[in-house]
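Q: I would like a close look at one part of this model, with enough of the whole to place it. Please keep the account plain and work from the overall fold down to single residues.

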Amino acid sequence: MTTRPSERDLAALKGSTVPVRGILDLFQVRVRDHRTVHLIAQALADSGLTTLPDFAVCGLRSSVDVVPIASVPAQARLVENDAGAEMDEALPSLPQRLLLGDIPSAKRGVRGVTLGNSLAHATFLMRTESFSQVPVTTGMAQIHGVVTWGSVARMYEAGKSATLENAMEKDSLPVADARQELFAALPVVKEHGYLLVRGDDGCLSGIVTAADVTERFAGSARPFFIVGEIESLLRRCLGAALDEESVKAVQTNKKPEHRTGQVSDLMFGDYLKLLDGDQMKQSLAERAHLNWEALKWPTMPREQFIGRLKRVKDIRNRIAHFDEKPLPTQMIEELTAFAALLRAFVS
């Protein structure tokens, strides 16, 4: 249950830099959703405060400045909906600041060998575990070298004896701290093909490879692009079929003189208002029937389409929460399938 802090506690935030998680904790909120974001924003506004950047779209580990709302230009503020209206969380154009520790393999642990092991022991581990590299360590704190398939090949090319010592890469080993920014470390991953990662205790906590980076971005960035495509396709369909008055009817979060009638200015929830004939507001429900007919999709089952559109909206809002865990494969597949469905109906 959301708890509103006292006016004194809210006033104490003025001029401070606070983690987003700290704001949520102050209101005893675990996750951001339409209801809790609205309540927090309203409580801050009632105290004459707002946050820069907006706490609703920042990463949970980000920090925001709490400033007087009067000091923020009106055009820089997020448009608030009318009381009781549903709020769409804005999707940022880029994800939050990423650290090496955000890559799962950076904290997954390390399988290595010691100086007392043989080269055969190391290569057997690499073959059976599908590793491309194995560190040679003492207690995961001291790194003596790394055995890679490339270093083994160079050993044989040089005519050296097949020993662990001769097969190790020892110079300029790619090692970084888990708190280092991921993007700053990418050139090292590209050059060496891997990066050894140390945890907070100084010991090896994992290995990040080019494949790990690709997997991480496939799970986090891909949904942003799919949702972007879905919104683009929806706007093309609706924009071609509906007149300005139909669009203005759902722009209830704006004053009449600011309603543009342009589909490009709608939020995701407005697409549902345009098409859902079962919504509670009768006037919008009646218009939705006419809007659906205007699309001229006789082979599209409306009830199933609206159900899928609602599901996409829920997934979209989960993306806006910046969950540290990548979006589940099932949800990505749902987004992909809906995008493919829309492509088939876009002229």
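What percentage of the contacts in the protein with a separation of 6 or more comes from residues 24 or more positions apart? After that, please concentrate on the part around helix H4: at what angle do helix H4 and helix H5 pack, and which residues of H4 and H5 make the contact?

A: The model is a predicted one. Among contacts in the protein with a separation of 6 or more, 58% are between residues at least 24 positions apart. The protein has 347 residues, and 43% of them count as buried. Its secondary structure consists of 13 helices and 9 strands. The accessible surface is about 18,600 Å², and carbon and sulfur atoms hold 53% of that area.

The part in question starts with helix H4, residues 119–129, which packs with helix H5, residues 149–157. The angle between the two is about 140 degrees, and their axes are 11 Å apart. Roughly antiparallel would require an angle over 145 degrees, so H4 and H5 are classed as oblique to each other. Their crossing is left-handed. On the H4 side the contact is made by Leu119, Thr123, Met126 and Arg127, and on the H5 side by Trp149, Val152 and Met155. Sorted by class, this contact of H4 with H5 has 5 nonpolar residues, 1 polar and 1 charged.

Moving along the chain from H4, the next stop is Ser130, in the loop between H4 and strand E4, which spans residues 133–138. Ser130 has a phi near 60 degrees, a positive value in a residue that is not glycine. Most residues other than glycine have a negative phi. Ser130 is exposed, with a relative accessible area of 65%.

Beyond that loop, strand E4 contains Thr137. With a relative accessible area of 4%, Thr137 is buried, because the cut-off for that class is under 20%. Thr137 and Thr114 are 23 residues apart in sequence, while their C-alpha atoms are 5.3 Å apart in space. Leaving aside residues up to four places away in sequence, Thr137 touches Val113, Thr114, Gln142, Ile143, His144 and Leu204.

Some sites elsewhere in the model can be set beside this part. Gln28, in the loop between helix H2 (20–26) and helix H3 (34–46), has a positive phi of about 55 degrees although it is not a glycine. Gln28 is exposed, with a relative accessible area of 53%.

Another helix pair is formed by H10, residues 268–275, and H11, residues 282–295, whose axes come within 6 Å and cross at roughly 90 degrees. That angle makes H10 and H11 roughly perpendicular to each other. H10 contributes Lys273, Leu274 and Leu275 to the contact, and H11 contributes Leu284, Ala288, Asn291, Trp292 and Leu295. The classes here are 6 nonpolar, 1 polar and 1 charged.

Helix H13, residues 329–345, contains Leu341. Leu341 is partly exposed, with a relative accessible area of 29%. Outside the residues up to four places away in sequence, Leu341 touches Met300 and Phe305. Leu341 and Phe305 are 36 residues apart along the chain, with 9.5 Å between their C-alpha atoms.

Definitions and conventions
Residues are numbered from 1 along each chain as its sequence is written. This is a predicted model: local features need pLDDT of at least 70, side-chain atom pairs count only at pLDDT 80 or more; totals for chains, interfaces and linings use all residues. Side-chain values use heavy atoms; hydrogens and water are left out. Axes are lines fitted to C-alpha atoms, for helices over the stretch in contact, and angles run from 0 to 180 degrees between N-to-C directions. Helices (H or I, at least four residues) and strands (E, at least two) are DSSP runs, numbered from the N terminus. Angles under 35 degrees count as roughly parallel, over 145 as roughly antiparallel, 65 to 115 as roughly perpendicular and the rest as oblique. A crossing is left-handed if the near helix is turned anticlockwise from the far one by less than a right angle, and right-handed if clockwise. Contact means heavy atoms within 4.5 Å. Ala, Val, Leu, Ile, Met, Phe, Trp, Tyr, Cys and Pro count as nonpolar, Asp, Glu, Lys and Arg as charged, and the others, Gly among them, as polar. Buried means under 20% relative accessible area, exposed over 50%, partly exposed in between (1.4 Å probe, protein chains only). Accessible areas come from the Shrake-Rupley method with a 1.4 Å probe; for residues, only the protein chains shown count as cover.
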